[in-house]
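Let's take a walk through this structure together, beginning with a single residue and working outward to the whole chain. Have the sequence and the 3D view open side by side as you read.

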Amino acid sequence: MQTARIMIIDDEKVVGDMLRIHLAKHGYQVETFLSAAPALARLAETPFDLIVTDFKMKGMDGMELLKTVKATYPDIHVIMVTAFAHLDTAIEAFRGQVHDFFPKPFKIKELLASVQRALGQ
């Protein structure tokens, strides 16, 4: 069985590093990015199975990233995390076909369970 590739995009380096460490412990191949532009460039070069992205970032935000990814790579699941969790934001994310939505701080076990569901595990 091939190892799932996960992309983490969060402008808080500590969040990306924490997620990378926890997901790698569960056998996933993980790459982290601090913004959307280099992440999308990497996605154009290499296939990924799942993206975990922050909602509020400089430049392209998570919602715009979600729309771009779904338009170009409709089979990639996207999980969104945010410190700015409002009902309107969550509704907009789910309308944009986000797989799951977590307010920060989130429980790593809950995020891991969502990752496993998204990957059909």
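## Thr32, on the partly exposed side

Thr32 has a relative accessibility of 31% and so counts as partly exposed, since that class falls between the 20% and 50% cut-offs. Bear in mind as you look that this is a predicted model. Thr32 sits in strand β2, which covers residues 29-33.

Which residues does Thr32 contact beyond its neighbours within four places in sequence? They are Ile8, Gly16 and Arg20. Val52 lies 20 residues away along the chain from Thr32, and the two C-alpha atoms are separated by 9.5 Å.

## Val30, on the same strand

Strand β2 also holds Val30. With 16% relative accessibility, Val30 counts as buried, because the limit for that class is under 20%. Setting aside residues up to four places away in sequence, Val30 touches Ile6, Ile8, Arg20, Leu23 and Ala24.

Met7 is worth finding here too: Val30 and Met7 are 23 residues apart along the chain, while their C-alpha atoms are separated by 5.8 Å.

## The chain as a whole

Now zoom out. The chain has five helices and five strands, and along the sequence they follow the pattern β-α-β-α-β-α-β-α-β-α. Of its 121 residues, 45% count as buried.

How do contacts in the chain spread over sequence distance? Taking those between residues at least 6 apart in sequence, 63% join residues at least 24 apart.

## Two nonpolar cores

In soluble globular proteins, nonpolar side chains tend to be buried together. Here, the largest nonpolar core has 20 residues, and the members that touch the most others are Met7, Ile9, Leu43, Ile51, Leu65, Val69 and Met80. Two or more residues of this core come from each of β1 (5-9), α2 (36-45), α3 (62-72) and β4 (77-82).

There is also a second, separate core, made up of 18 residues. Val15, Tyr28, Val30 and Phe106 are among them, so the Val30 we met on strand β2 belongs to this second core.

## Val78 in strand β4

Strand β4 is the place to look for Val78. Is Val78 buried or exposed? Its relative accessible area is 1%, so Val78 is buried.

Not counting residues up to four places away in sequence, Val78 touches Leu50, Ile51, Thr53, Leu66, Val69, Val98, His99 and Asp100. Two of these names, Ile51 and Val69, also appeared among the best-connected members of the largest core. As for His99, it is 21 residues from Val78 in sequence and 5.5 Å away in space, C-alpha to C-alpha.

## Helices α2 and α3

How do α2 and α3 pack? Their axes are 11 Å apart and the angle is about 15°, so the two helices are roughly parallel to each other. Their crossing is right-handed.

At the contact, Ala36, Leu40 and Leu43 of α2 meet Leu65, Thr68 and Val69 of α3. Sorted by class, these residues are five nonpolar, one polar and no charged.

## Helices α1 and α5

A second helix pair rewards a look. Helix α1 (residues 13-25) packs with α5 at an angle of about 60°, and their axes are 11 Å apart. The two are therefore oblique to each other, and this crossing, too, is right-handed. From α1 the contact takes Met18, Leu19, His22 and Leu23, and from α5 it takes Ile108, Leu111, Leu112 and Val115. The classes here are seven nonpolar, one polar and no charged.

Val115, a residue of helix α5, is buried, with a relative accessible area of 0%. Beyond its neighbours within four places in sequence, Val115 is in contact with Ile6, Leu23, Tyr28, Leu50 and Ile79. Val115 and Val52 are 63 residues apart along the chain, and their C-alpha atoms are separated by 8.8 Å.

## A cis peptide bond

One last stop is in the backbone. The peptide bond from Lys104 to Pro105 is cis, with omega near -5°. Where is Pro105 found? Pro105 is in the loop between β5 (100-103) and α5 (108-118).

Technical notes
Residues are numbered from 1 along each chain as its sequence is written. This is a predicted model: local features need pLDDT of at least 70, side-chain atom pairs count only at pLDDT 80 or more; totals for chains, interfaces and linings use all residues. Side-chain values use heavy atoms; hydrogens and water are left out. A nonpolar core is a set of buried Ala, Val, Leu, Ile, Met, Phe, Trp, Tyr and Cys residues joined through side-chain atoms within 4.5 Å. Buried means under 20% relative accessible area, exposed over 50%, partly exposed in between (1.4 Å probe, protein chains only). Helices (H or I, at least four residues) and strands (E, at least two) are DSSP runs, numbered from the N terminus. Axes are lines fitted to C-alpha atoms, for helices over the stretch in contact, and angles run from 0 to 180 degrees between N-to-C directions. Angles under 35 degrees count as roughly parallel, over 145 as roughly antiparallel, 65 to 115 as roughly perpendicular and the rest as oblique. A crossing is left-handed if the near helix is turned anticlockwise from the far one by less than a right angle, and right-handed if clockwise. Contact means heavy atoms within 4.5 Å. Ala, Val, Leu, Ile, Met, Phe, Trp, Tyr, Cys and Pro count as nonpolar, Asp, Glu, Lys and Arg as charged, and the others, Gly among them, as polar.
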